[in-house]
Amino acid sequence: MSADQPAKPQKHEAFQTPRGVHDILPADHEYYTFIKKVVRHRCRQAGFRRITTPMFEMTEVFKRSIGDASDIVSKEMYTFSDRKGRSLTLKPESTAGVVRAYIQNRMDLWPQPVLLYYIEPNFRYDRPQKGRYRQFWQFGFEILGESDPALDAQAIMLVTRIHKDLGIDALFELQLNTIGTAESRAKYVQVLRDFYAGKERSLCEDCKVRLTQNPMRLLDCKQEDCMILAKLAPAMKDSLDKESLDFHNELKGYLDEVGIEYKENDKLIRGLDYYAKTVFEFWDKNEGAQNAVGGGGRYDGLVELLGGQPTPGMGYSGGVERVIANMKREKIRVPAKDDLHVFVAQLGNEAKKKCLKLIEEMREAGLKTMGALGKGAMNVQLRLADKFKAPYAVILGLTEVREGVAIIRDMKRGVQEKVKMDKVVERLVELIGEENLDIYSPGELLYS
Ligand code: AMP
């Protein structure tokens with residue numbers, strides 16, 4: 001058994017992770033690291049800077065922005081009181097916190113638009129199932145302070161670029177809609193209320209509530225009877241004002257220009273109150289919305305809703321666990337950066353001393369090196385080198401110390417060579433190949 005093929009978890013252990021959350025073990029961290037690198041690289045290229053807001057906020061931040069009638073606020077938040085009785089909530093999504101931070105830190109005084117990205121965990125009391133957890137990671141970004149369909153197009157281009165880098169772009173289909181300005185939405189809500197009047201009995205219990213609180217959510221209910229009615233319901237586009245229509249047509253023109261395919265979906269509304277105009281999601285081509293990998297949209301009224309000046313905004317967030325599941329489904333392997341290069345085996349106190357210095361030199365040269373515990377016979381140590389999948393072992397015993405040499409063993413081929421102590425690092429670098437060395441050393445980049 002190894003770290004890359006973990007055993008089945010013990011079910012009878014006294015302590016287990018709470019339902020719906022899981023440990024991220026080293027093999028999966030290779031994926032998290034890779035995704036983080038891709039996101040960071042592409043966001044940076046597009047002028048975004050990273051932000052991390054606290055893991056919890058005053059509950060009101062989420063209630064006000066996401067909306068009381070949303071699934072998130074009504075049933076999915078982890079809300080608790082602190083010792084002074086203040087109501088706090090673990091972040092169920094990231095946009096609300098970023099917008100709160102924009103206002104609180106006077107980012108309105110920064111050059112606009114303010115471009116921010118994040119990679120962080122979110123918490124939702126969702127029903128755990130495949131691809132749905134109670135703690136999950138999201139990467140995402142927000143564009144605040146400017147409204148232009150070209151920004152919406154650029155956001156979609158950025159996501160597409162990231163999906164390409166991750167090798168999953170062909171699996172997803174961009175679903176696109178506009179839910180218009182607040183004014184055209186108000187008009188449409190009335191149209192929907194009129195349509196559903198007298199049909200309440202055919203709706204599911206949730207939708208009966210939605211009809212009074214947020215009728216647009218009736219359109220994306222997954223219950224069969226509700227879906228049949230939603231199909232018959234008047235379309236949003238007939239209620240759109242000129243501003244919303246022009247904005248949407250311009251966005252589509254830009255997407256056509258850069259060759260990004262989309263499917264217009266006038267039932268796509270996204271569950272949160274704060275969206276306006278553009279909404280979009282990336283749906284699994286086979287499973288549809290169920291396995292969506294991410295979504296976003298424009299939220300021009302949100303900054304004002306949280307107490308700031310009227311400020312346009314838009315953003316996207318994608319689920320990291322779902323990206324990983326799709327990468328695995330496609331058998332996409334990420335660079336195994338954690339794999340060892342060298343295992344050092346030694347016998348005797350003198351050898352142990354010599355080894356420590358050698359190990360330090362090897363690591364400095366970028367060789368990922370482990371060993372020098374000196375427990376057990378040489379063959380036991382070499383078996384350990386095999387278990388840790390080190391391609392090379394350095395062997396140092398009493399004779400070698402006396403002769404001022406070390407043995408380098410090719411673990412796969414089982415052949416070995418004697419090398420002078422001061423040439424060991426050089427020879428190993430040659431064997432591993434300079435391009436494979438781990439020489440990233442952030443400490444060297446500090447300015448003073
Ligand atoms: P949303 O804003 O709710 O559409 O979430 C954006 C993305 O986050 C989704 O498309 C999923 O990829 C991911 N996501 C949302 N909720 C969960 C969850 N409970 N578990 C895992 N991933 C999730």
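## Secondary structure and overall dimensions

In this predicted model, the secondary structure of the protein amounts to 15 helices and 16 strands. Along the principal axes, the C-alpha atoms occupy a box of roughly 95 × 50 × 50 Å.

The protein has 448 residues, of which 47% count as buried, and its accessible surface comes to about 24,400 Å², with 52% of that area belonging to carbon and sulfur atoms. Among the contacts in the protein with a separation of 6 or more, 69% are made by residues 24 or more positions apart.

## A five-stranded open sheet

Five strands, in the order β13-β12-β14-β15-β16, build an open sheet whose pairing is mixed. The edges are taken by β13 (369-371) and β16 (415-420), and because each has a single partner strand, one side of each is left without a neighbour in the sheet. On average, and with direction ignored, neighbouring strands of this sheet are turned by 25° against each other.

At the β16 edge, strand β15 (residues 405-410) runs antiparallel to β16 and is joined to it by six bridges; within this pairing, Val-405 has Lys-420 as its bridge partner in β16. Helix α12 (residues 349-364) lies across β12 (342-346), β13 and β14 (392-396), and the helix runs at about 170° to β12.

## Salt bridges around the sheet and elsewhere

The structure holds 30 salt bridges, one of which involves the edge strand β16: the side chains of Glu-403 and Lys-418 meet with an N to O distance of 3.1 Å. This pair links distant parts of the chain, since Glu-403 belongs to helix α14 (residues 398-403) and Lys-418 to strand β16, 15 residues apart. Glu-403 counts as partly exposed at 44% relative accessibility, whereas Lys-418, with a relative accessible area of 53%, is exposed.

A further salt bridge is formed by the side chains of Asp-300 and Lys-277, at 3.9 Å from N to O. Here, too, distant parts of the chain are linked: Asp-300 sits in the loop between β10 (294-298) and α10 (302-305), while Lys-277 sits in the loop between β8 (263-264) and β9 (278-284), 23 residues apart. Lys-277 has a relative accessibility of 5% and therefore counts as buried, the cut-off for that class being under 20% relative accessible area.

## A partly exposed pair and a charged network

Asp-108 and Arg-106 are also joined by a salt bridge, their closest N and O atoms lying 3.0 Å apart. Both partners fall into the partly exposed class, with Asp-108 at 30% relative accessibility and Arg-106 at a relative accessible area of 45%.

Salt bridges also connect a set of residues into a network, whose members are Asp-71, Lys-75, Asp-206, Arg-210 and Arg-217.

## A nonpolar surface patch

Met-55, Phe-56 and Phe-80 make a nonpolar patch of about 260 Å² on the surface. Of these residues, Phe-80 is found in strand β3 (residues 79-81). Phe-80 has a relative accessible area of 33% and is therefore partly exposed, a value that fits the requirement for patch residues of over 30% relative accessible area.

Notes
Residues numbered from 1 in each chain as written. Predicted model: local features only at pLDDT ≥ 70, side-chain atom pairs only at ≥ 80, totals over all residues. Heavy atoms only, no water. Pairing = 2+ DSSP bridges. Helix = DSSP H or I, 4+ residues; strand = E, 2+ residues; numbered from the N terminus. Axes fitted to C-alpha atoms, helices over the stretch in contact; angles between N-to-C directions. Contact = heavy atoms within 4.5 Å. Patch = residues over 30% accessible without salt bridge, like charges linked within 9 Å, V, L, I, M, F, W, Y side chains within 5 Å. Areas by Shrake-Rupley, 256 points an atom, 1.4 Å probe, with all protein chains shown as cover. Salt bridge = Lys/Arg side-chain N within 4 Å of Asp/Glu carboxyl O. Buried < 20%, exposed > 50% of the residue type's maximum accessible area, 1.4 Å probe, protein only.
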